[in-house]
Amino acid sequence: MLFYSWQETAWMLVAAIVIDWWVGDPRWPTHPVIRIGQWIRWVESKLHPSGSSRDGSPASQRLRGVMLTVSTLAVAFAVIGLLLWAARAFHPWLGYAVNTWFISTTIAIKGLKDAAMKVFIPLSEGRMEEARTYTGYIVGRDTSQLGEAELTRATVETVAENTVDAVVSPLLYALVGAAPLAMLYRAANTLDSMVGYKNDKYLYFGWASARWDDVMNWIPARLTGLLLVAVAACRKGCSAVRATKAVFRFARLHPSPNSGIPESAVAGALGIELGGTNVYHGRTSERARMGWPLRERRMDDIVQTVRLLYGVSILIAGGLLCALGWTLW
């Protein structure tokens with residue numbers, strides 16, 4: 001462990017999970033991810049001013065993309081590391097508090113639930129335009145013509161995929177390197193969400209950010225698949241066996257080496273099909289289909305997926321407490 005013993009870190013991880021369940025993403029002080037995003041945009045304006053794949057040779061753009069990735073990760077780790085060092089130097093308990101708080105800002109269990117429910121509630125009340133608007137906030141596809149089944153699919157896919165990005169990955173890295181390493185992961189994930197696109201603007205410049213995010217999520221994504229299967233085994237209406245089969249059958253079809261695992265696990269657990277046709281800025285894209293369409297998707301699948309999300313966080317917190325109890329026995 002880079003900063004604390006694993007027992008100290010485990011207690012703080014449990015506390016961070018509880019804080020996120022209760023508080024969610026803080027509105028004040030400014031969320032660290034917002035600051036990371038501002039840093040990325042500032043460095044991007046210096047290294048990729050034209051915002052085009054014609055801004056220098058592919059090799060030059062990739063090199064500048066590497067510079068953006070390395071500088072962002074270094075700054076995120078160093079700033080949080082210095083703040084944690086200063087807090088610990090002032091008083092050990094202040095160090096615990098600062099570390100716990102920053103870890104809680106790298107996870108988003110409540111935030112994911114709130115985003116999903118902003119789609120589910122108007123959808124359940126027949127306010128389709130509002131449901132489409134809120135779905136558009138969490139996915140990049142065109143949502144203006146989507147019905148219940150497709151709005152449900154978009155929301156379920158988002159919650160499932162982000163069970164890795166917003167829960168398991170940051171907690172795993174926090175267990176190894178406390179808040180600084182968790183924030184480094186969050187910086188990598190933010191880079192991918194901002195510049196990791198295969199489009200004209202970021203095809204080469206965003207290459208390093210996208211690849212590094214894949215690397216950092218490789219182990220957590222597979223751990224998430226196991227956790228989702230375990231939670232599905234405990235939930236009425238879910239199938240752990242089908243979730244396991246879906247991961248082995250469909251996950252590799254996803255364009256991402258990681259996202260297909262939680263999405264296929266959720267699809268299998270619920271007995272629905274995810275993936276299919278999406279429209280981006282007027283262009284139709286066919287995504288790999290995952291799971292077996294044993295029934296039509298319905299809005300209640302959003303709630304079920306949120307329960308799987310919370311189940312994963314409860315399983316992690318419970319596992320940490322059991323491990324701590326074992327050491328104290």
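Among contacts between residues at least 6 apart in sequence, what percentage join residues at least 24 apart? In this predicted model the share is 72%, and that figure is a useful thing to keep in mind while moving through the selections below.

**The whole chain**

Begin with the entire protein in a cartoon view, where 11 helices and two strands make up the secondary structure. Reading from the N terminus, you pass ten α elements in the order α-α-α-α-α-α-α-α-α-α, then β-β, and finally one more α. The radius of gyration is 20 Å, close to the 20 Å that the globule rule gives for 329 residues, so the protein is as compact as a globular protein of that length. If you turn the C-alpha trace along its principal axes, it spans about 60 × 55 × 35 Å.

Next, switch on the surface, which comes to about 15600 Å² of accessible area, with 65% of it belonging to carbon and sulfur atoms. Of the 329 residues, 52% are buried. Colouring by charge picks out 33 positive and 25 negative side chains, and the centres of these two sets lie 3 Å apart.

**Helix 7**

Now select residues 148-195, which form helix 7, and go to V159, which has its place in this helix. Is V159 buried or exposed? With a relative accessible area of 2%, V159 is buried, since the cut-off for that class is under 20%. Show its surroundings and, leaving aside residues up to four places away in sequence, you will find that V159 touches L112, A116, T305 and L309. For a contrast in distance, draw a line from V159 to A89, which is 70 residues away along the chain: their C-alpha atoms are separated by 39 Å.

Stay in helix 7 and move to A178, which is also found there. A178 is not a glycine, yet it has a positive phi of about 55°, so the backbone at this position deserves a look in stick representation. A178 counts as buried, at 2% relative accessibility.

**Helix 8**

Select residues 207-234 to bring up helix 8, and within that helix pick out L223. At 32% relative accessibility, L223 counts as partly exposed. Then add V164 to the selection: L223 and V164 are 59 residues apart in sequence, while their C-alpha atoms are 8.7 Å apart in space.

**The hairpin**

Finish with the two strands, selecting residues 274-280 for strand 1 and residues 283-290 for strand 2, which run antiparallel and are joined by six bridges. Which residue of strand 2 stands opposite L274? The partner to select is M290, and, further along the pair, G276 stands opposite R287. Finally, centre the view on the turn, where two residues lie between the strands of the hairpin and where H281 takes a positive phi near 50°.

Technical notes. Residues numbered from 1 in each chain as written. Predicted model: local features only at pLDDT ≥ 70, side-chain atom pairs only at ≥ 80, totals over all residues. Heavy atoms only, no water. Helix = DSSP H or I, 4+ residues; strand = E, 2+ residues; numbered from the N terminus. Rg over C-alpha atoms; globule rule 2.2 N^0.38 Å. Buried < 20%, exposed > 50% of the residue type's maximum accessible area, 1.4 Å probe, protein only. Contact = heavy atoms within 4.5 Å. Areas by Shrake-Rupley, 256 points an atom, 1.4 Å probe, with all protein chains shown as cover. Lys, Arg positive; Asp, Glu negative; His and termini not counted. Charge placed at Lys NZ, Arg CZ, Asp CG, Glu CD. Pairing = 2+ DSSP bridges.
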